[in-house]
Amino acid sequence: MLLALTSIYAYSQNTLSGNVSEAETDEPLEQVSVYIPQLENGTVTDQNGNYSLKNLPEGNYKLVISYIGFETYSTSVEINSGNNQFDYQMVPSAIEMDEVVLSTPFHKLQRENVMKVEQKSMEELKQQGGITLSEGITNIPGVSSVSTGVGIGKPVIRGLSFNRVLVYTQGVRLENQQYGGEHGLGINDAGISSVEVIKGPASLLYGSDALGGVLYLNPEKFEASGQTSGDVNMRYFTNTLGYNANAGFKTSGEKLKFLVRGAYATNADYETGDGTSVTNSRFNEADLKTGLAYQVSKFKTELRYNYNASELGIPEEIGVQNNDRDPLEPYQELSTHIISSKNNLFFKKSSLEATFGYTVNDRKEFEEHHHDEHEGEEHEGEEHEEGEGAALDMRLSTFNYNIQFNPQWGKMTTIFGVQGMHQTNENFGEEVLVPNATTNDFGVLATSHIHFNKSDLQIGLRYDLRSINGEESGIEGDEEYIPALNKDFNSFNAAVGYRMDLTQNVMGRLNLATGFRAPNLSELTSNGLHSGANRVEIGNPDLDSEQNFQIDLALEYGNKHLEAYINSFYNIVNDYIYLEPTGEFRELDPIYDFQQQNAILYGGEFGFHLHPHPIDWLHLESSYDIVFGELEDKSDLPLIPANRWTNTFRVEWNKSKQDYKCYAFVTLQTFFDQNKVADFETPTSRYNLFNVGVGGDLRIFNQKVGYSITGNNLFDKNYISHLSRLKADGIANIGRNISFNLNVPL
């Protein structure tokens, strides 16, 4: 239906063109990015500094001009009928490029944004040497990961995780049974351009499950009009003998754009600092991402598809020591299909965006107890056999929609939105962890951004309704019987944020926001052995929604030599839901049930970045993140990350007149003692991790090739993270790992 409307606008040929040069010398700058975020339309300047953007709708839009080594420039431009002109002279700067934030609705540069959002490019995260995406994001201050070995990890933002952190990919929410501790992120880093993290309640923008924050994964952009490109990327990891390869191709005409990227990764068991292989921590993954876009003057549509298939071993104990890659029991087989459709209509003083997503997540878990007891020893250490039935076999199908209308009135930009989700869970395995169920969400929101000369104000209000209907499972009176469920949850939420230039060099942000999270299906209904977690979990159908109120205060200072920041938060969570052991056992497995109690979390992130002028190639960065969490009865919350201090010394060269770059860094991460633990946790001792890396660009046979070599935990420290799910079994985290990365543009 939306495509049919394109005939109305097909003949408009509004353009924006101009020249970009260096302010100090007046020399033209080549390869400068000129981009209009709202239209997702951009190009780069030619060797004479000239650029041209075509097929633009009339109206007022944000224009962003960015180039490494220069200050990112953002302004509003009026696009009128016909040809429009805009020239700009760029000012040199040692500060890293300021990027447009896409996870918040108004597409501002980070320094203009009312909410503090952490943003890292995927290239930057890969340079840190992480094997998986979930490991890579832990390099962002305030972000950690609950891990089960190397292959399974899920994000923790300021001490909150699981269903309290919402993950967005391709512009739609990712639903993959994320309530489970051993249910990983399920996304491959290939085909992702950058990661954004909203710290704190984002329920106003995203509804339930964004109570703790949002991890927003931006897909790679389409190629500029008239351009075709490709690349091959290869990575090797010494610790897991793992390799990760992906290749992509993209091409764009004036109106039609296409891209595709395929990836494959395989890893053997990882080794701890004392040389022990952690049995069954191996994993394999295949991934395909593709996209198609069509854009004319006042209409744009984008269709993306992602298929991910993984085999993940679930480590439980130290056993066989080998380099096999096929997982042993217990293990998971996962397949996820994500289809998203994003459509935009642009009018002169307003726009309409409609995003639809459909996700199918198949999760199968194979367990050891399927074999007869007398066969147990024969099967111990053997790889899984074809044709075995899955103990757990769950299919989660999710359709979601997000429709937003954006009128502009002078300096005020407003968004009115309707969001919703229809989700079904079906069981096909021998066991039932959560019953067949249907979940429906519906939410309406309104939020406005008002720009003043030296400040910005953002306010918003939202109402949500969630209904969960679960089917009866089992026979009434049996130990694992689950009764039928019919529950409704609703909530009003509001947010207000203010950003102000306190002085020429100091900026402040103050945000007050409420959030909510309806209890998930597992918390309400589960009644049985969760083998991946090695415990019996008992749900509570009388649980109430979690409701929180958070205050965020951020101060930032910046000049040509130094940037410094202080981000602090205080988070009150009413009716916080948590798992607690009852002290009883079902057969040999401990029984846990879900409890509720008010809780508070508080802390923040503090740091600085020193780049003394004129030796701008020298960088000293330091950050410290801290979080405390406790229940109303003064006991400590579980899974609160240890305080972390990260110091990095980095040198880099990136000349504007040359097409190569190189860098080197040394990082020392200190994880302090974690003695504030829940009653069923044990303290974690302090440890230090030493990381080094070098990288850059080379020319081989006149071909530009990117490379990086990173050594993590270089001194092979044997340690256990407080957020490791293997901590209870005394199994250490990964030891020394050296990664080699090669990027070949085609």
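How many bridges join strand β9 (residues 117-121) to β14? Before selecting anything, note that this is a predicted model, where local features need pLDDT of at least 70, side-chain atom pairs count only at pLDDT 80 or more, and totals for chains, interfaces and linings use all residues. Residues are numbered from 1 along each chain as its sequence is written, and side-chain values use heavy atoms, with hydrogens and water left out.

**Stop one: β14.** Select residues 192-199, strand β14. Strands here are DSSP runs (E, at least two residues), numbered from the N terminus. Of its 8 residues, 7 are buried, so the rest of the structure largely encloses β14; buried means under 20% relative accessible area (1.4 Å probe, protein chains only).

Now add β9: 5 bridges join it to β14, and the two run antiparallel. Strands pair if DSSP finds at least two bridges between them. Look for V117, which stands opposite I198 in β14.

Then bring in β15, residues 213-219, which pairs with β14 over 7 bridges, again in the antiparallel sense. Here S194 has N218 of β15 as its bridge partner.

**Stop two: the nonpolar patch.** Switch to a surface and pick F347, L352, I403, F405, W409, F416, V418, F442, V444 and L465, which make a nonpolar patch of about 790 Å². Patch residues have over 30% relative accessible area and no salt bridge (a side-chain nitrogen of Lys or Arg within 4 Å of a carboxyl oxygen of Asp or Glu); nonpolar side chains (Val, Leu, Ile, Met, Phe, Trp, Tyr) are joined within 5 Å, like charges within 9 Å. Areas come from the Shrake-Rupley method with a 1.4 Å probe, and for residues only the protein chains shown count as cover.

Color β23 (392-409), β24 (412-427) and β25 (437-451): each supplies at least two patch residues, and β23 gives the most, with 3. Finish on V444 in β25, which counts as partly exposed because its relative accessibility is 32%, in between buried and exposed (over 50%).

How values were computed: Helix = DSSP H or I, 4+ residues; strand = E, 2+ residues; numbered from the N terminus.
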